[in-house]
Amino acid sequence: GPRCGPAFLPGPALSVSPLSPGWLPALQLVRRGSKAVTRHWKAMHFQRQKLMAVTEYLAPRPAIPPRCLPRKKEPRQEDDGYARLLKRQVEEAFRDNRMIAVCQFNSMPGEEVVLVRHYLRKHNIEVKFFLNEIVRPVLSQSKYRNLLPLFVGRNILLVSRETKVKEMLRVLKGVPQINLLGACIDDTILSRKGVESFARLPPMEAAQGQTVGALAFLPSHTSSLLQRGSVYLTALLDQHIQRLQAGSPAQAAPAQSSGDP
């Protein structure tokens, strides 16, 4: 029969060595099928389960329960110098200013930020940028802890030594990227609506004048009410005397005529 091999291929004879990299055997054996499984899972015998449960190691109970022992003091992580400096600046901002407004700050170009700071500085209002990681620990230990829910996300502080509420709202009205959340004015925490109501109040001098006028009106009105009775009685008596004086000559003339013979 025909022989198989590279030496008996049809066509021109090719000298291919069996050890060359391009040579492949004519017959290849490929093993197919899975390996034989020799171990299967088998449940543990009931007697052995009881033996394992009986011989299980149980650690001895401590003489003092752990909940009765004093808690270990966790090592306090000290802040670096820069963090302490920022916290000191936050404390000074809340201590030295009468108006502290908390605003939500959205991204805006740097030129607009500079312009807004310029307009606010005209009214003696400064813009402070502090991280929430710096502000929250300071406020949690002060009387301003009720402001903590406002410091979520990216915030800025608008501070002033005077209560320039109207000027601040007028500037923020044209900047939609800065939203007023609340404020602390003269140690009084106000919401956004509270700040707007505070801006509609009259100036301090006008309010003091109205208060003085109201306090002066009450005593004067009371005095006039007390004097009204005596003044009215005096007027009635004067009118009666005038009537008597006007009627006396008419009464004296008939009396003289009746006495003549």
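**Exercise 1.** Work out how the lining residues of the largest cavity divide into nonpolar, polar and charged.

*Solution.* Start with the classes: Ala, Val, Leu, Ile, Met, Phe, Trp, Tyr, Cys and Pro count as nonpolar, Asp, Glu, Lys and Arg as charged, and the others, Gly among them, as polar. This is a predicted model, where local features need pLDDT of at least 70, side-chain atom pairs count only at pLDDT 80 or more, and totals for chains, interfaces and linings use all residues. Residues are numbered from 1 along each chain as its sequence is written, and side-chain values use heavy atoms, with hydrogens and water left out.

Next, list the lining: Phe105, Val113, Val116, Arg117, Val127, Phe129, Ile156 and Ile178. (On a 1 Å grid over the protein atoms alone, a cavity is a set of points where a 1.4 Å probe fits but cannot get out, and a pocket is an open set with protein on both sides within 12 Å along at least five of seven lines; lining residues have an atom within 4 Å of a point.) Sorting gives seven nonpolar, no polar and one charged.

**Exercise 2.** Which residues lie closest to the centre of the largest pocket?

*Solution.* First take the volume, the space filled by probe spheres set on grid points joined across faces, edges and corners: about 370 Å³ for the largest pocket. Of its 15 lining residues, Thr163, Phe198, Pro202, Pro203 and Met204 are the closest to the centre. Finally, sort the lining: eight residues are nonpolar, one is polar and six are charged.

**Exercise 3.** Find the volume of the largest cavity.

*Solution.* One cavity reaches 30 Å³ or more. The largest cavity holds about 40 Å³ of space.
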